[in-house]
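Please examine the model below with attention to its enclosed spaces and to the surroundings of its ligand. The paragraphs that follow take these topics in turn.

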Amino acid sequence: MNPWLLTYDGFDPAREGVREALTTLGNGYFATRGAAPESQADGVHYPGTYVAGCYDRLVSQVAGHPVENEDLVNVPNWLFLTFRAEGGDWFAPGTAEILTYRHTLDMRQGTLTRFLRIRDPQGRVTRVEQHRLVSMDDPHLAALTMTIVPENWDGALEIRSALDGRVTNAGVARYRELEGRHLVPICGHAAHGVIELLTRTATSRVEIALAARTTLAGGRCRADVEEGWVGDDRTVEVKAGDEVTVEKIVALYTSRDRAISESEAAARSAVVRAGGFATLLKRHIRAWDRLWRRAHVTAQDTEVQQILNLYVFHLLQTASPHIAELDTGLPARGLHGEAYRGHVFWDDLFVIPFLAPRLPEITRALLRYRWRRLPEARWAARAAGYAGAMFPWQSGSDGREETPRLHFNPRSGRWLPDRSHLQRHVGLAVAFNVWQHYQATKDTAFLAGFGGELLLEVARFFASLATCEKGRYAIRGVMGPDEYHDGYPDHAEPGLDNNAYTNVMTAWLMRRVLDMIGLVGAEGVGEQEIELFTAMTRRMRVDFHEGVISQFEGYAGLEELDWAAYRKKYGDIRRLDRILEAEGDTPNRYKASKQADVLMLFHLLGEEGLDEILTGLGYEWNATMAKDTVDYYLARTCHGSTLSAVVHAGVLARLRPGASHPFLVEALNNDVRDLQAGTTSEGIHLGAMAGVAGLFEAKT
Ligand code: BGC
């Protein structure tokens, strides 16, 4: 087995979506799913292309109410390329018998190869080989080649190459009721062997320009321009055994790009000036080589090595050094699909620790994304009656709260209120990431500048969110990382009090702010603020019960779930929230967590770090309590998020080595084996991918 290759043999319609997601090629600026070039969205295939930071908002009617959503836009499909033998149908899914099919992702080189032998209804056998890349060297370029060999026929061979702007956002079945037509066609052109398509997004009005140069030696060309579609067809005469190669070089620009006059002209001149496939490939491999030298993670086992290569590969394709020039955060599901609409959550908390020591220019760029949205976060804090900056749980273009108000339970068919925006801890993740970046770079200018500003504004927010009650600082009405608890079963108002993760991390934050002030001074910070920050390092409230940390105040009073009975009845109970809701019940009644919540503290702070904070807060804490806490939540977590296995694998490896292995296996297999109920086809789980890579490095 070659750990740099991911190979699929045969074609399985049920697994095509996962294959497309896992064979996505990208360069940080844009990414394209590994879809068959001859396919269109049809329920099996989904050729999506996404440009970092290119969002659009549309209003849909949900359960009789207007709901506005912002999506990462599926931009026009540049891949489209197919052929037909004289008198036959265009090759498309289902039109020919597949005799051989092999799909290979080369992660070291960043290329995708497809090899097919097909027989058409007339008995003509044709061999097809395709290679593609999305250039890591020039982020605006992509290329696709196709070699066709007629094995047992002669005659006219026609090739069709197109740019298809009639695509919509329709990659996630659950969202199909929602409006997904984000692209407005502007114009298409075809001249001198180059086709061009210009569209714009419906409400954010970003122009997206694509130009493609298709070359085929000896081919006659006929162009075709329709609304939202530009294609050109070429014909050559072939004899059995001939080899015909067609090359499609593509450039993609948007009106947001720098150093351009306008996007269409930029795409046109880029594609005219670009070299052929071989030249682009050489530069692309060199760029990947440079990246791998900085980010390769090793494991002893070849199969594990292959998975690690795959995960780091997808991480680098989403957060590549090219994002240093862009204004983009890290979509939780990569640029690989439409789940969560391309929104940015707290998941960079799992990515930045991995990237900061290796590629700090990328982590800096991700933090700049947050910093540019400080005014919005400040406004949100002010509007809610707080100081500082309140970052949104889900963030998109301008940093406003993008968490939908309703979410759908496919099990019950009901739309339900979504309260996950109460996960205020996202700001703590921003602060943690600032500190990780500082620790990796020791860049005091960063700390004295925008990094410090982020840290301070988040600290101000948490200082104002906390209330001093009987000598302890309490935080009420929030949610922790465990999304299955969004309130108390008997309260009308959502939110929980004194989530241990939020409170302990707030104490951690106050310590770091004071460290920062010690390092770069306290300009603009008042005496009273410093006093408050200091007091919060000593007197944040944390609840305990039965010798363990309580996930939140009142947790001890919840009922125990009959885990065995639910496992027996439902098998996979990761989505316990959906199961209980469909039964007319709610996880809020039970000691049952979706994912690591209290255990996140061990993951981020380590045993010593947690000990320092809890004892600093004046609580009794020791190694036995630490182990008991881990065991307690281990027995009460159903791992409904891919992040959970990663955290458990790491924490258990240190505290309960015997129990860690199954979580490590799960964390490794999350996306390759699509463990989270078929969600990989809707996009990779980037936080989990980076988190696993981080674990391995720590281990080997
Ligand atoms: C998890 C969150 C995560 C989000 C995006 C959810 O399922 O519970 O912690 O941020 O997915 O990855």
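The second largest cavity of this predicted model has a volume of about 100 Å³. Its lining includes a run of neighbours in the numbering, Asn169, Ala170, Gly171 and Val172, together with Tyr175, Leu178, Glu179 and Gly180. Asn69, Asp71, Glu338 and Arg341 also line the second largest cavity. By class, this lining is evenly divided, with 4 nonpolar, 4 polar and 4 charged residues.

The structure holds 3 cavities of 30 Å³ or more. The largest of them has a volume of about 140 Å³. Of the 15 residues that line the largest cavity, those closest to its centre are Phe83, Asp89, Ala96, Ile118 and Asp120. Which strand gives the most to the lining of the largest cavity? It is strand E6, residues 81–85, which supplies 3 residues. The lining of the largest cavity comprises 7 nonpolar, 4 polar and 4 charged residues.

Attention now turns to the ligand. Aromatic residues are well represented in its surroundings, which include Tyr340, Phe345, Trp346 and Trp393. Asp347, Glu483 and Lys594 also belong to this shell, as do Ala332, Gln595, Ser641 and Leu643. Sorted by class, the shell around the ligand has 6 nonpolar, 2 polar and 3 charged residues.

Which distances separate oxygen atoms of the ligand from side-chain N or O atoms of Tyr340, Trp346 and Asp347? For Tyr340, an oxygen atom of the ligand is 3.1 Å from a side-chain N or O atom. The corresponding distance for the side chain of Trp346 is 2.9 Å, and for the side chain of Asp347 it is 2.6 Å. Each of these pairs is a polar contact, because the cut-off for such a contact is 3.5 Å. Taken alone, the ligand exposes 310 Å², of which the protein buries 93%.

Finally, the confidence of the prediction should be considered. The mean pLDDT of the protein is 96, and 99% of its residues reach 70 or more. Where in the protein is confidence lowest, and where is it highest? Strand E15, residues 220–226, has the lowest confidence, at a mean of 72, whereas strand E3, residues 30–32, has the highest, at 99.

Note on methods. Residues are numbered from 1 along each chain as its sequence is written. This is a predicted model: local features need pLDDT of at least 70, side-chain atom pairs count only at pLDDT 80 or more; totals for chains, interfaces and linings use all residues. Side-chain values use heavy atoms; hydrogens and water are left out. A residue is near a molecule or strand if one of its heavy atoms lies within 4 Å of it. A polar contact is a pair of N or O atoms within 3.5 Å; within protein, one must be able to donate a hydrogen and the other to accept it, and residues adjacent in sequence count only if both atoms are side-chain atoms. Accessible areas come from the Shrake-Rupley method with a 1.4 Å probe; for residues, only the protein chains shown count as cover. Ala, Val, Leu, Ile, Met, Phe, Trp, Tyr, Cys and Pro count as nonpolar, Asp, Glu, Lys and Arg as charged, and the others, Gly among them, as polar. On a 1 Å grid over the protein atoms alone, a cavity is a set of points where a 1.4 Å probe fits but cannot get out, and a pocket is an open set with protein on both sides within 12 Å along at least five of seven lines; lining residues have an atom within 4 Å of a point. Grid points are joined across faces, edges and corners, and a volume is the space filled by probe spheres set on the points. Helices (H or I, at least four residues) and strands (E, at least two) are DSSP runs, numbered from the N terminus. pLDDT is the predictor's confidence in each residue, from 0 to 100.
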